[in-house]
Structure formats: C-alpha cells, structure tokens
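User: I am new to this one and keep meeting words such as "buried" and "pocket". Could you show me the structure and help me see how such words are earned?

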Amino acid sequence: MYRGPHQSQRELMDNEVFVFGRCEVRVATREVLLSGAPRAMEPRPFELLVYLIRHRGRIVSKDELLDKLWSFDFVTASVIARAIMKIRKVLDDDGDTGELIKTVHRTGYRFMGEVREKAVPAPVATPPAAPASASLPSASTGPSSAASSASVPTTLALLPFENRTGSGDLDWLELGLLSLVVRDLGAHPRLQVSSIPSLLNALQAVPKDAAFADRADDLTRLLGVRHVARVEVHGGPLRFELRCTLVGEGRTDSTMLAATGLPNLGRNLVRWLEARFFPGEAAAEIQADAGDSVLGRALQAIAEQKWTLALELLAAVLRLEPQHLGAQVERLRALVALDDSAAFELGDALLARLREEPNQAAEAAVHFELAQAHVRRRVNDKAKHHLEEALHSAPGKAARESVIATTLLRANIAINEFDFTVASALADRAETLCNGNGSVFDQLRILSLRMVIEGETGSMVQAWTHARRAAALYRDHGVLVGQARAECNVANASASLGHFRMAEEHGEAGLAISRSLQVPTDSAVSAMLLCGVYRQLRKPASLARVLSILESVDTGDGPRNEGFRLVGRAHYALAIGQIGDAAWKLSQAADEAAAKGQEMQLHFVLPLLAGALIHDGQLDAADDACRRIASLTKLARDRNLQGALWHSQAQLALARGDRERAIALLRKGRDVAPLGWWNAHARLDGAWLCIEQGRSVEAVELLRGLETWLDEHPAGLAVAARLAHAQGRSGEARAAHARLAAGIDGALPTWLAELGECYEAQQMTELPFAPCVVTWM
C-alpha cells in the first residue's frame, strides 16, 4: 500500500549502516564490506550480526537469540555457535575469543566493537504507476496482473514438456529439460515452482485427455499454485521452437521462442517467464553449462526413479565438468535412493566444498539427502543434525515445499523416538508454513503426521478423525498415490476403536487400490493389516484369501518380504487354532526383526509371540518373551508397549492360576495404555475375569466406553453375553451369544459353546470358566 513520503521506524532501521574497524555493515542491502571489499555472508549469520550490533550494550542470551532469530525452527543453541563461527570468518575475527564478538560462557554473546552508526535515508516513495505492458510476443486475455509483491511469492507449476519434434531420442526433454527450467527458475527469490515429484503425483489425479484449462484448474487446486504453464517443443535438430501457454489469475499468455539447442531454448523460456511475472526487472544471468543436455537426460532418469541410469548419465556430465555442483548434488540424491554407502563420502566432500564456495540452496539439499541416508540406517542423531543444518542453511527464498518436507522428516524421527512434544511442535510449524495455501499433498502429509501423534498419545478418536479426513481428501481430489495407505490408516484407527466393520471395509479398499496401482509395499501393508483384522474377527477363510495375496507380493526386499509372510502365516495359524505353529513362526519373525534392528516390528511381534507361547503351554518361553519386551529401549516412553507387557504378564498369571494377580495386572494395563488396542484388550479381559468372580459392578466400570467393541468384536460379544447373563438379562445374553456364533467362521470353542447352553437354560451356577483370556478365545 502506498504510504506517501513518511518512513516507518522499520524502514529507518533497515537503512542503517554500521561501521567498526575495517568493517561496514549495510542493513538495507544486506552487505558486509571489509576494507571496502564485499564479503559474502549467509542470511542467518547476517541477521545475528545485526541483532548483536543493535544490542551491543549488553550480553544477549542464547535463549533470546533462539526466540528472535530462530523462532520457527526447532533447533538447539548449537546453531548459534555455528553462525558465530561463520560471522568471525567473514570479519577476519577468527578464534574462540574473537575481539568483535565475545562469548560469555553458558550465557550468550556480546558485540564488543566500537560502532559508528550512520543512517542512509531511503529514497522517497512515489505512488506506484500502472505497469506498462510487457513487450512480449504474447496473446493475452483477461485483466493484466502486476508483479507479485515481495511478501507473496509467485507460484507456478510447469506441465511435462511435450515432445513434438518427431524424434524419440528427444523424449528426455519431457522431464529432463523441464527439470533444467525448474532449476533455473528456482534461483529467483520471488518465484516458487512445484517440484517434479509433486507435479507427477498431482498429474495422476488429473484426466490425461482433459482440456488444458481444466487440467490447469485441477493442478491449481491440488498443488496450491496460482499459475500453470504448458510447453510444446517443435523442430530440430538445428533449430528448435517452443510454444508456451501460461494461465493463472484470470489471464492467459502465450509465446513462441526459438533457439539452436534445447538447453538454450529452456533458458529463453526462463527469461520469458521471469519477464512475464516481474516486468521491468533486470534479467538474471543464467550460466550455460557444456553438459546441460546430458544433465537433462540424467534428470529425466531421476524423475522416473531410474537411479542406476541416472548415475551413468551424471558420470558423463562430471567427466565434462568435474566440478559441476548441480550434477554432484543429483549424484548424491541417486546414491541415497540406492542406499549406497558412497553417499556419505560424497555428502561430506560437498559440504566441505560449500564451506569454501557458499551456496545455501545446495547446502540445504545436501544436508537433507544425508539426513535421509542416516534415517535409512536408523542413525537418528546424525539425521537430526543434518535436518537442523538443512533448516538453518535454507535461504529465505527456499521453496516452501522443501522446507515443509524437511520439517516433516524431522517430525517423523521425533515420533520414532516417542518425543511427541517435539513432533507436535514440528507439525504446527509445517501447518504454519502451509498457511492455508499449501498443496493437497502438504495437507495430507501433515494430517498423517497428526494422526500418528494423536494415536500414540492416547487421543485415538482424534487420530481416527484425522485418518478419515485424509482418506476423504484422497478420494475427493482423485489422488491415487498414497490413498491405499490412507485407507489402511482409517482401518487401523477404526479397529483400535472397535469399529471392525469399518476397519474391514477400509482395509479391503486399501488392498484393492494398491493392487490396481501395482504398488507392492502398499499391497503388503494392506494385506498385513487385514490379516490382523480377520484374525481378531475369527474369519480364517477371509484371512486365507488375503494371505495368498501377501504371499505373492514382492516388495523388492527379500528379508522384508519374509517378515511380512511369517507374521501373516502366524495370524492364519492362530485363526485356525494351530497355536504351536503360530508361536514358531512368530519366534522366527522376532529373530529376523531383532537381527535387522527393526524395533518397531518387535513392538508388534513380541506381545503376539508371548500370547501364543502362553496358550501353547510354553510358559518359560513366554517369560523370556516378556523379558524381551521389557528390554526394548523405547518401553519407558511407549505407553502402548507398556500396556502390551502388562497384558502378557496378566496372561501368564492366569495360566499359573493366579486370577487376582491377573486382574490387577490388567487394571495396570488399562491405566497405562492409551485408548486403543491394548487398552480395550485389558478392559475386556479384566471384565471377563471380574464377572467370573461375581464382581459385575467392577466389570461394568471396566467396560464403560467400549460400546463398539461389545457390539462388533467376538470377544466383546462374548463379554456382553456373559455380563447380561450375570445380571439376569437372559434374553440379551442369548441374543449376544447368537450374534457371536453367527459372526465367526467355524464352531465356537467348547467352553464358550457350553456357556451358550447355560444361557439358554438360564443356569446361574456352576458355569464353566474360560481357560484363557477371552480376547484369545
């Protein structure tokens, strides 16, 4: 908004110039001069230097600096020390006891230089004139749009380029030349271009045969962008033509450009787009690289996830230009995707180079890739360090998408470490970055994160709500990639709350979607989930059908395949009463998970193994399984795992004839486990034992809030029938028992069938006792 000639206090501060010793700091232009020569300083160290100078009369605490300069970053005080080191290097003030910036041990920092301050008045503002029409070879419709304000970046999605040259050898321009253009456009501080992976995800939800205007509307909605461009490439081999149509904000522009080579054609497109979005702004110089054509082919392979081919092509680029930074970063990305240990050496070498040749965007990208490499190896401390550095290194103009991705990866590490306070704060930060305008994919990632956080901290109803909202977003926007996982999340949350009909419905939907898309990992996850659901529902026929699918899935990871199959087979063995066979398979699965360091898999397998061993009469082996659960490193922070351990120990107590101890342990499980699977099992089994002891009032108290379990789960129906009979409600007891018998495959266990006869005869005494907890009937 035009404010006339008056300058705000903010503007006066931004035009300060600080002079001390040989140094001059110009705030408005973010320049640092040493003996009159400009010195490069990264944005965050520059902001820190200016803050310390402005507060030079006192010691500035580390907490204050984190609050003022890193308020949206979840970082530690170590980032300040690194920024101070970079400032000292630029100012030739090296050493731990620099003369200009004093470190006050365990407290903070103080600027010690003698400062001469001079204010440079800002140019008097004049009312903005209407922008002149850009002199471009374009045909426009709709109202003219001015350049975006500095505070709101222009957002753009470029469709894969269309090869109309008639040469199949040039198919690499579809995503390869597109990637080169995205790279060059990304250098502009006020322009954010959707990444290739996000674009390809979105395109799967857009009809291929739709008109361009309709596809543009869909992409605007899915990616949260304001402009979409379509590009066709014609001609060749000596001269190429490019035809671009750009739509957005009620305006359509088109142009035709020509060049002798495809990389030059791409650079011409970059200049045209920048001139269209920022008329009157001097065009930035775009460096031409000899290896751009080969690099474009490599980027095409990366976009198609053909990592080995990408490495071969990148090697060709690096033979031409050994110091090509972009090619080195892309090589790192491919090595990480292949889980190649060479990524660590290359990443460290790149960071060493970037310390001498600062490039914030490249540094942030290297740190992010190294973080992913360490996550794959489960080295979380190093992964967190690199993510912290990635957030610290990211330039102020960094694409929102990449910052959100970094934040969410850091949040996922926090979840794996059961640090839900940190995870929740990072989810909040990601949501702030979206600011209501993020892509559908950003929203889905944040919803999935919140679902896990809420589920693990006991807010299962809220987790269920997030899961259902995410699945609805996938369906409403026609996004298929990820929808299978979303359906499985709804199924899992539904089962945790006792909504087993809904769990079955969404689990089957997830399996069908993943198989139709031919995504093996999602198929395996969906099948595994359904195996567990059908075991709980006592439906071995349905379980056998799903298990046959699981047996045929190949995720590309042999040991992982076998782990999935062992657990699926164990579910089936339990469902048909082959307890010993189930225990043997679960023991194998636990040993495999332990050998590979898959502790999260052990959280699931070991409690199931303990139960199988108990019901097979192998009580000493079950004791060992309980000790293995108790030795898991995350037990102290994982309340679900604690609930599983109490439940296993309660089963052992019952198997040894100590019903009172079993009830007490189940109550402990109820108290510690958040609402969900283990909490419900503890309450159902505790209620059953209380009813057998004639303590119906205690049973009613334990069952409060489990209405869905009592209505849909076989164990819940058994408990509902037993309680109704104990309270003299014979008709309700018979009805619940009949529903139980009709809902499962095959015959009821003998003791449960005998109880049904007692309900029919209204026999109130000498009722048979269950030989096990009812959830294991």
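Analyst: Happy to; here is a short walk through some of those words, starting from the whole chain.

This is a predicted model. The protein chain has 34 helices and 14 strands, and 53% of its 777 residues count as buried. Among the contacts with a separation of 6 or more, 60% are between residues 24 or more positions apart.

User: Why is Arg-251 called buried?

Analyst: The word applies under 20% relative accessible area. Arg-251 has a relative accessible area of 12%, so Arg-251 is buried. Its place is in strand E14.

User: What makes the link between the side chains of Arg-251 and Asp-253 a polar contact?

Analyst: The distance limit for the pair of N or O atoms is 3.5 Å. The side chains of Arg-251 and Asp-253 are joined at 2.7 Å, so the pair is within that limit and counts as a polar contact.

User: How do you know that E13 and strand E14 pair?

Analyst: Pairing needs at least two bridges between the strands. E13 and strand E14 (residues 251–259) have nine bridges, in the antiparallel sense, so they pair. One of the partnerships joins Glu-241 to Ala-258 in E14. The two strands form a hairpin with two residues between them, and Glu-249 in the turn has a positive phi of about 55°.

User: What makes strand E12 and strand E13 a pair?

Analyst: The requirement is again at least two bridges. Strand E12 (residues 227–235) and strand E13 (residues 240–248) have eight bridges in the antiparallel sense, and therefore they pair. Here His-234 has Glu-241 in E13 as its bridge partner. E12 and E13 also form a hairpin, this time with four residues between them, and Gly-236 in its turn has a positive phi of about 95°.

User: How do you know that there is empty space to call a pocket?

Analyst: Rolling a probe the size of a water molecule over the atoms shows where empty space is left. In this model, the second largest pocket has a volume of about 610 Å³. It is lined by 20 residues, and the closest to its centre are Glu-42, Lys-86, Lys-89, Leu-354 and Arg-355. Helix H4 (78–90), helix H12 (342–356), helix H13 (360–376) and helix H14 (380–393) each give two or more residues to the lining.

User: What kinds of residue make up the lining of the second largest pocket?

Analyst: The lining divides into eight nonpolar, two polar and ten charged residues. Asp, Glu, Lys and Arg count as charged, so Glu-42, Lys-86, Lys-89 and Arg-355 belong to the charged group. Leu counts as nonpolar, so Leu-354 belongs to the nonpolar group.

Notes:
Residues are numbered from 1 along each chain as its sequence is written. This is a predicted model: local features need pLDDT of at least 70, side-chain atom pairs count only at pLDDT 80 or more; totals for chains, interfaces and linings use all residues. Side-chain values use heavy atoms; hydrogens and water are left out. On a 1 Å grid over the protein atoms alone, a cavity is a set of points where a 1.4 Å probe fits but cannot get out, and a pocket is an open set with protein on both sides within 12 Å along at least five of seven lines; lining residues have an atom within 4 Å of a point. Grid points are joined across faces, edges and corners, and a volume is the space filled by probe spheres set on the points. Buried means under 20% relative accessible area, exposed over 50%, partly exposed in between (1.4 Å probe, protein chains only). A polar contact is a pair of N or O atoms within 3.5 Å; within protein, one must be able to donate a hydrogen and the other to accept it, and residues adjacent in sequence count only if both atoms are side-chain atoms. Contact means heavy atoms within 4.5 Å.
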